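User: I would like to go through the salt bridges of a structure and then look at one of its helices. Please keep the answers short.
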Amino acid sequence: MQIGCHVSISGSIDKAVDNAVERECSSFQIFTRNPRGWNAKDLSENDITNFKEKLKTSKIDRFATCAHMPYLPNLSSPKEDGFEKSVNTLIDEVDRCVKLGIPYLVTHLGSHLGTGEDAGIKQLVKGLTRAGQTKNDVMILLENTAGQKNSVGSNFEQLGKIFNQLKPTKKFGICLDTCHAFVSGYDLRTEKSVNDTFANFDKFVGYDNLKILHLNDAKGEIGCNLDRHYHIGLGNIGEKGLSQVIKIVNNKKIPIILETPIDDVRNDFENIRKVKELV
Ligand code: ZN
Ligand code: MN
Ligand code: MN
């Protein structure tokens, strides 16, 4: 099993590897820079060397690591300048992944801001396709969303429809988030409902395209569209369903990444332990 969590790069980017090792991760996710701003400082040669060295000496497989896009870009935006800035950020993040040797970049699909799904998808496909033309081995992973108002890509049929328009296909994959799927209305609480939900995912998106699983329990109820992650087994999805999810993705050798909160209830280390217990 490849299991880990989102880790902080605070201090310098190579600290992320220390944080992952300390939490007994065999996979991890990072932001390559501050996720809340538009501007990013260039990675220094030193940052790159240290990150790669530490990753090599850790026992973590490079192919179980990913980066997550910052929060501000909106690839489905109807506004010309916002859209341009978003696509440029995506291309820049791909480049940062190339430099760090990170194979996957997870991105949200954005909001059509009231212009409608078709308009949003048209922008999104245009933006992703542009980033897909860059010559490198980084794969951009489309993450299913929680289904907030005006958001694109919460339902598997729509996600598949978007994915199938992207070229070249080898540049794109999927990141499935269990909290987002659940609050979008996909039941994951029992063995049977998990099997049904994954069969539905397979039908529209395809198992082969799934490269990373974000394993999060949900604070909200099924179908509430509330993007609030919770500790493994303690939310509204629960242990039974999450165990079945783990079983399915482990069979397919897909790295699992936790994006669970850190609070008085549990920290990352304890949530990772919990997942290992559920296997
Ligand atoms: Zn995400
Ligand atoms: Mn996620
Ligand atoms: Mn989320």
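User: Which side chain meets that of Arg 273 in a salt bridge?

Analyst: The model is a predicted one. In it, a side-chain nitrogen of Arg 273 comes to 3.7 Å from an oxygen of its partner, and the cut-off for a salt bridge is 4 Å. The partner is Glu 24.

User: How many residues apart in sequence are the parts that the pair of Arg 273 and Glu 24 ties together?

Analyst: Arg 273 belongs to helix α9, residues 268–278. Glu 24 sits in the loop between α1 and β2, so the salt bridge joins parts of the chain whose separation in sequence is 249 residues.

User: Are Arg 273 and Glu 24 buried, partly exposed or exposed?

Analyst: Buried residues have under 20% relative accessible area and exposed ones over 50%. Arg 273 has 43%, and Glu 24 has 39%. Arg 273 is therefore partly exposed, and Glu 24 also counts as partly exposed.

User: Which helices does the salt bridge between Glu 84 and Arg 130 link?

Analyst: The side chains of Glu 84 and Arg 130 meet at 3.2 Å, N to O. The two residues are 46 apart in the chain, Glu 84 within residues 80–100 and Arg 130 within residues 117–132. Those helices are α3 and α4.

User: How far apart are the closest N and O atoms of Asp 187 and Arg 189?

Analyst: Asp 187 is partly exposed at 24% relative accessibility, and Arg 189 is partly exposed at 33%. They form a salt bridge, and the distance between the closest N and O atoms is 2.8 Å.

User: Which residue is linked with Asp 14 and Asp 18 in a network of salt bridges?

Analyst: A salt bridge needs a side-chain nitrogen of Lys or Arg as well as a carboxyl oxygen. Asp 14 and Asp 18 would each supply the oxygen, so the nitrogen has to come from the third member of the network. That member is Lys 54.

User: Within what arc do the buried residues of α1 fall, seen down its axis?

Analyst: Helix α1 spans residues 15–22, and its buried residues are Ala 16, Val 17, Asn 19 and Ala 20. They line one face of the helix, because seen down the axis they fall within an arc of 160°.

User: What is included in the cover over the buried residues of α1?

Analyst: The residues to be covered are Ala 16, Val 17, Asn 19 and Ala 20. Their cover includes a strand at 27–30 and a helix at 45–57. These elements are β2 and α2.

Definitions and conventions. Residues are numbered from 1 along each chain as its sequence is written. Chains are lettered from A and ligands numbered from 1 in the order in which they are written. This is a predicted model: local features need pLDDT of at least 70, side-chain atom pairs count only at pLDDT 80 or more; totals for chains, interfaces and linings use all residues. Side-chain values use heavy atoms; hydrogens and water are left out. Buried means under 20% relative accessible area, exposed over 50%, partly exposed in between (1.4 Å probe, protein chains only). Helices (H or I, at least four residues) and strands (E, at least two) are DSSP runs, numbered from the N terminus. The arc is that of the directions from the helix axis to the C-beta atoms. Contact means heavy atoms within 4.5 Å.
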